[in-house]
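Dear colleague,

Please find the structure below, together with some notes on its pockets that may help when you look through it.

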Amino acid sequence: MGYTDFIFILWKKEQRVFSKNLAVLKKQADKNAVHDLRVAVKKLRAALELYLLISEKPLQEDPLKETEQLFSILGKQRDIEICLEIIEASEKETGKKYAALKYYFRTVLSVAYQWTKKAVLQYKKKELEETAILLESETQVIEQEELKHKIAGIINARFADSRNYYKKPHKLRQNLKEIYYWIKMIPESLFFGVEYEKELHDVLDDFGNWQNLTVFEIKLKHFRKDYLPKTFPEYDSTKMLEAAVKEKKENLLRLALNQTSSLLKKALATEKEKPREN
């Protein structure tokens, strides 16, 4: 396997997680299985990206095309489940009830369950096996120090690239999430000793909560404007919930961007301070 052994090991581990949760979803609706399967796809995606950056091998087509389609379809169910969790948390926090809103989301969730079931039954795991074979068959040899420097350069380049996306927080979050997964999968022997795992975890938590509220705000506004009659008392309470979500979302984004700015300054300053080899 050459230098990709750690990537291959991670790939097989997440492939097992993926298969386990896919089997669960073929039998029944399960929100934990949806979440775990989608996280496995994110890690598989990050592993493949790291391999391609290290090997510098171009791909003619997307090797995870069908898996990404499944990921997207399951994301519909996941979004609705998160919306219901936010509503229930708000009810506990404020004492207000949103019966009509919960009924709406539970109704569309039943449809999302059907979409998930159809997608998992149609999905074939062929492309995951083919990529595993690609990783296992890698024969190129790279000396440890050279590989160590190459990985550090890849991570640093992604940190530097992240500075371009303060006005595109979705893309910024994706960049940081990928770096986080890379750091988690890379063996200690290939690190320079500078880790940002905790800082990345914290900022990604805030970005994740911001993302959840963003999705909820969009769906909440759609429900209020397109379905809820203005004469109903729920209209005003839903509009107030919408305003509270927007404020919380904006505060989380400011916090996440400030944390990201500090993290990037630290990461890129550390890179400049590293001694260069002749």
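Which helix supplies the largest share of the lining of the largest pocket? That share, 11 residues, comes from α7, where helices (H or I, at least four residues) are DSSP runs, numbered from the N terminus. Please bear in mind that this is a predicted model, in which local features need pLDDT of at least 70 and side-chain atom pairs count only at pLDDT 80 or more, while totals for chains, interfaces and linings use all residues. Residues are numbered from 1 along each chain as its sequence is written, and side-chain values use heavy atoms, with hydrogens and water left out.

A pocket here is an open set of points on a 1 Å grid over the protein atoms alone, where a 1.4 Å probe fits, with protein on both sides within 12 Å along at least five of seven lines; lining residues have an atom within 4 Å of a point.

The largest pocket has a volume of about 1,600 Å³, counted as the space filled by probe spheres set on the points. Its lining holds 50 residues, with R38, K42, F71, R173 and K177 nearest the centre, and the helices that each supply at least two of them include α1 (5-27), α2 (31-55) and α7 (169-185). By class, this lining has 20 nonpolar, 12 polar and 18 charged residues.

The second largest pocket holds about 400 Å³ of space and is lined by 18 residues, of which I86, S90, E93, V245 and K248 lie nearest its centre. Here α9 (233-273) gives the most to the lining, with seven residues.

Best regards

How values were computed: Helices (H or I, at least four residues) and strands (E, at least two) are DSSP runs, numbered from the N terminus. Ala, Val, Leu, Ile, Met, Phe, Trp, Tyr, Cys and Pro count as nonpolar, Asp, Glu, Lys and Arg as charged, and the others, Gly among them, as polar.
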